[in-house]
Amino acid sequence: PQLGHSLGKVLILPDSEVWFSSLVHESDLTDVYRKIWFAINKLAELHELGWIHGDVKAEHFRKFQQKPYLIDFEKTRPISSCDTVLDATPHYMAPELFRGGRKGIQSDLYAFGIVLYEWLIQTRLEAGSYRDWAILHCQNLTIQLPTQFLIFLPLLVGLLQKQQQNRFSNADEAINCLKQIQIDKNH
């Protein structure tokens, strides 16, 4: 209820497709850049309103009438919340959450980094158990991008740092990193 009051209006999306559903290998880099740009800005808007999403995953970025929308605010909390309830999806959990830390802007950004990484490599990360996810995110995650997407490596590195103090502290830092990426218009 509080979130609805802060956002002002609600949009019900009828049968919308996932924003990151198209195969990036068939897209040009400008389209890939644009999709990332619009999605990170949706997350930034939520943070600027004082909320963390708390459950960022690919299926929560939707496309409706060619525009991106962020959906499913069930786990959304005020940024200032001291809530340490662990109700995250292990597939997208930031390392600090496995150590009992609280959700925040940086855990949203980490989850967004996982969404982007899987989209760019066109492969879902896999682990067999909660413990295996913890080992993957806290110790073993290594970013290996296809050659055509290496220009996005600085963005992913900033989003997916295992140590919170090394990760982007807010979406604006990720956006500024994205602004530094130069797309060859002939590509």
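Start by selecting phenylalanine 64 and lysine 67: lysine 67, in strand S4, is the bridge partner of phenylalanine 64. Strands here are DSSP runs of E with at least two residues, helices are runs of H or I with at least four, and both are numbered from the N terminus. What you have open is a predicted model, in which local features need pLDDT of at least 70 and side-chain atom pairs count only at pLDDT 80 or more, while totals for chains, interfaces and linings use all residues. Residues are numbered from 1 along each chain as its sequence is written, and side-chain values use heavy atoms, with hydrogens and water left out.

**Stop 1: the hairpin and its sheet**

Widen the selection to S3 (residues 61-64) and S4 (residues 67-70). These two strands pair in the antiparallel sense over 4 bridges; two strands count as paired if DSSP finds at least two bridges between them. They form a hairpin with 2 residues between them, and glutamine 65 in the turn has a positive phi of about 50 degrees.

Now add S1 (residues 17-18), which runs antiparallel to S3 and is joined to that strand by 2 bridges. With S1 in view you have an open sheet of 3 strands in the order S1-S3-S4, with antiparallel pairing. S1 and S4 are the edge strands, each pairing on one side only. As a reminder, strands of a sheet pair through backbone hydrogen bonds, either parallel or antiparallel.

**Stop 2: lysine 63**

Pick lysine 63 in S3. Which residues stand across from lysine 63? In S1, glutamate 17 is opposite; in S4, the bridge partner is proline 68.

Show the side chains of glutamate 17 and lysine 63, and you will find a salt bridge, 3.8 Å from N to O. Glutamate 17 lies in strand S1 and lysine 63 in strand S3, so this pair ties together parts that are 46 residues apart in sequence. (A salt bridge is a side-chain nitrogen of Lys or Arg within 4 Å of a carboxyl oxygen of Asp or Glu.) Colour by accessibility next: lysine 63 is buried, with a relative accessible area of 18%, whereas glutamate 17 is partly exposed at 41%. Buried means under 20% relative accessible area, exposed over 50%, and partly exposed in between, with a 1.4 Å probe and protein chains only.

**Stop 3: more salt bridges**

The count of salt bridges comes to 5. For another, select lysine 42 and glutamate 45, whose side chains meet at 3.4 Å, N to O. Both lie in helix H2 (residues 29-48), 3 residues apart, about one turn of the helix. Lysine 42 is partly exposed at 24% relative accessibility, and glutamate 45 is partly exposed at 41%.

Then move to aspartate 55 and lysine 57, a salt bridge with its closest N and O atoms 3.7 Å apart. Are these two residues buried or exposed? Aspartate 55 is buried, and so is lysine 57.

**Stop 4: lysine 103 and helix H4**

Select lysine 103, in the loop between helix H3 (95-98) and H4. Lysine 103 counts as buried, at 8% relative accessibility. Beyond residues up to four places away in sequence, lysine 103 touches Ile52, Gly54, Lys75, Arg77, Asp87, Ala88 and Leu97, a contact being heavy atoms within 4.5 Å. For a distance label, try isoleucine 79: 24 residues from lysine 103 in sequence, and 8.4 Å away in space, C-alpha to C-alpha.

Continue into H4 (residues 105-121), whose 17 residues reach 24 Å from first C-alpha to last, close to the 24 Å expected at 1.5 Å a residue. That expected span is 1.5 Å times one less than the number of residues. Why is H4 largely enclosed by the rest of the structure? Because 17 of its 17 residues are buried. Just after H4, glutamine 122 takes a positive phi of about 55 degrees.

**Last stop: the whole chain**

Zoom out. The protein chain has 7 helices and 5 strands, following the pattern α-β-α-β-β-β-β-α-α-α-α-α along the sequence. Buried residues make up 47% of its 187 residues.

Finally, colour by pLDDT, the predictor's confidence in each residue from 0 to 100. The chain's mean is 86, with 85% of residues at 70 or more. Confidence is lowest in helix H1 (residues 2-7), at a mean of 46, and highest in helix H6 (residues 153-159), at 98. Over residues 1-7 pLDDT stays under 50.
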